Amino acid sequence: MNVVYGEAARLRATGVALWSTLVALACGGGLTLLLALTGPQNAQPPMPDIDTPEGVGIVLGIGTVLLFVPALIGTTAITSEYRHGTIGTTFLLAPRRGRVLTAKLAVYTVLGLTYGTIASLSALLALMVATWIRGIPLGVDVVDLAPALIQLSLAAAAYMLLGVGIGALARSPFVAIGVVLGYFLFVEYVLMMVPGVNAIYSFLPGGATASLTSFDFLTGAIASQTALTPAAMVSPMIGAAILVAYALVAAILAVFVPLRRDPR
């Protein structure tokens, strides 16, 4: 437990926890408030407004596009330890690397859950503020949004672990950040536009998240622009299982790869 407390203290001391909180508020509450105040019905093409269940689902679902952010936080945090050499010092103070790396994994999982919870709750608050400002009712009961908010929180934790795994493999912050941004902002979208290949989208992290949250707006929008058949979605349970599998693989890499390498 002392190792876990030490890792948590290190995140607080380096400002990672604070910056994660601020970014979660911006990506969750800030984005949702902007979309809700602008009004989905004013988009091109027009979408249902937040006084309908469909409109609320779209506004909240668009937040999944920014799930690469917790992956980026995990990647940046773990690679910075290699860049500044602090991970070597940690291994000297606690020679049992497996215990240290497992502690790091536990702390980053909690950080991911915290990020997701803050982003989800701030998004809900933003929706309520937007309906109050615009003088319209929210399209669904707040209680009915609980499953979607929980799903987003869990997905953020999974993406955080994905980022940690990528960072542990790459070690270089520039390479790791490039991989995260390149994959989540480019590669997955390109794959959705390739006939035949887009069938695998539901088994990729982005597709699994879309299936988990039942948010197929992006796949539908891309299909309408390219005249392709929309990428198929799997059930939310299967989407959750796929996302968990990715998180477990990333966790295994984050623990076992550094065990066999010089930390310098």
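Helices here are DSSP runs of at least four residues, numbered from the N terminus. The model is a predicted one. On this basis the protein chain contains 11 helices and 0 strands. Read from the N terminus, the order of elements is α-α-α-α-α-α-α-α-α-α-α.

The chain has 264 residues, and 44% of them count as buried. Contacts with a separation of 6 or more were examined next. Residues 24 or more positions apart supply 79% of these contacts. The exposed surface of the protein chain comes to about 12800 Å². Carbon and sulfur atoms contribute 73% of that area.

Helix 2 was examined on its own. Helix 2 covers residues 16-38. Its 23 residues should span 33 Å at 1.5 Å a residue, because the expected span is taken as 1.5 Å times one less than the number of residues. The C-alpha atoms at the two ends of helix 2 lie 31 Å apart, which agrees with that expectation. The buried residues of helix 2 are V16, S20, A24, C27, G28, G29, T32 and A36. After helix 2 comes G39, with a positive phi near 90°.

Enclosed spaces were then considered. The structure holds 4 cavities of 30 Å³ or more. The largest cavity has a volume of about 200 Å³. Its lining consists of 16 residues. Nearest the centre of the largest cavity lie T64, V65, Y189, Y201 and G206. Three helices each give at least two residues to this lining: helix 8 (173-192), helix 9 (205-213) and helix 10 (217-226). Helix 8 provides the largest share, with 4 residues. By residue type, the lining of the largest cavity divides into 11 nonpolar, 4 polar and 1 charged.

The second largest cavity has a volume of about 170 Å³. It is lined by 16 residues, and those closest to its centre are C27, G28, G63, A119 and L152. Two of these names recur from helix 2, where C27 and G28 are among the buried residues. Helix 2, helix 6 (97-134) and helix 7 (146-170) each supply at least two residues of the lining of the second largest cavity. The largest share, 5 residues, comes from helix 6. The lining of the second largest cavity comprises 10 nonpolar and 6 polar residues, with no charged residue.

Open spaces complete the description. The largest pocket has a volume of about 270 Å³. Of its 19 lining residues, G57, I58, G61, A148 and T213 are the closest to the centre. Helix 3 (53-61) and helix 7 are the elements that give two or more residues to the lining of the largest pocket. Helix 3 makes the largest contribution to this lining, 7 residues. The residues that line the largest pocket divide into 10 nonpolar, 6 polar and 3 charged.

Helix 7 thus appears in two of these descriptions. Helix 7 gives at least two residues to the lining of the second largest cavity, and two or more to the lining of the largest pocket.

Conventions
Residues are numbered from 1 along each chain as its sequence is written. This is a predicted model: local features need pLDDT of at least 70, side-chain atom pairs count only at pLDDT 80 or more; totals for chains, interfaces and linings use all residues. Side-chain values use heavy atoms; hydrogens and water are left out. On a 1 Å grid over the protein atoms alone, a cavity is a set of points where a 1.4 Å probe fits but cannot get out, and a pocket is an open set with protein on both sides within 12 Å along at least five of seven lines; lining residues have an atom within 4 Å of a point. Grid points are joined across faces, edges and corners, and a volume is the space filled by probe spheres set on the points. Ala, Val, Leu, Ile, Met, Phe, Trp, Tyr, Cys and Pro count as nonpolar, Asp, Glu, Lys and Arg as charged, and the others, Gly among them, as polar. Buried means under 20% relative accessible area, exposed over 50%, partly exposed in between (1.4 Å probe, protein chains only). Contact means heavy atoms within 4.5 Å. Accessible areas come from the Shrake-Rupley method with a 1.4 Å probe; for residues, only the protein chains shown count as cover.
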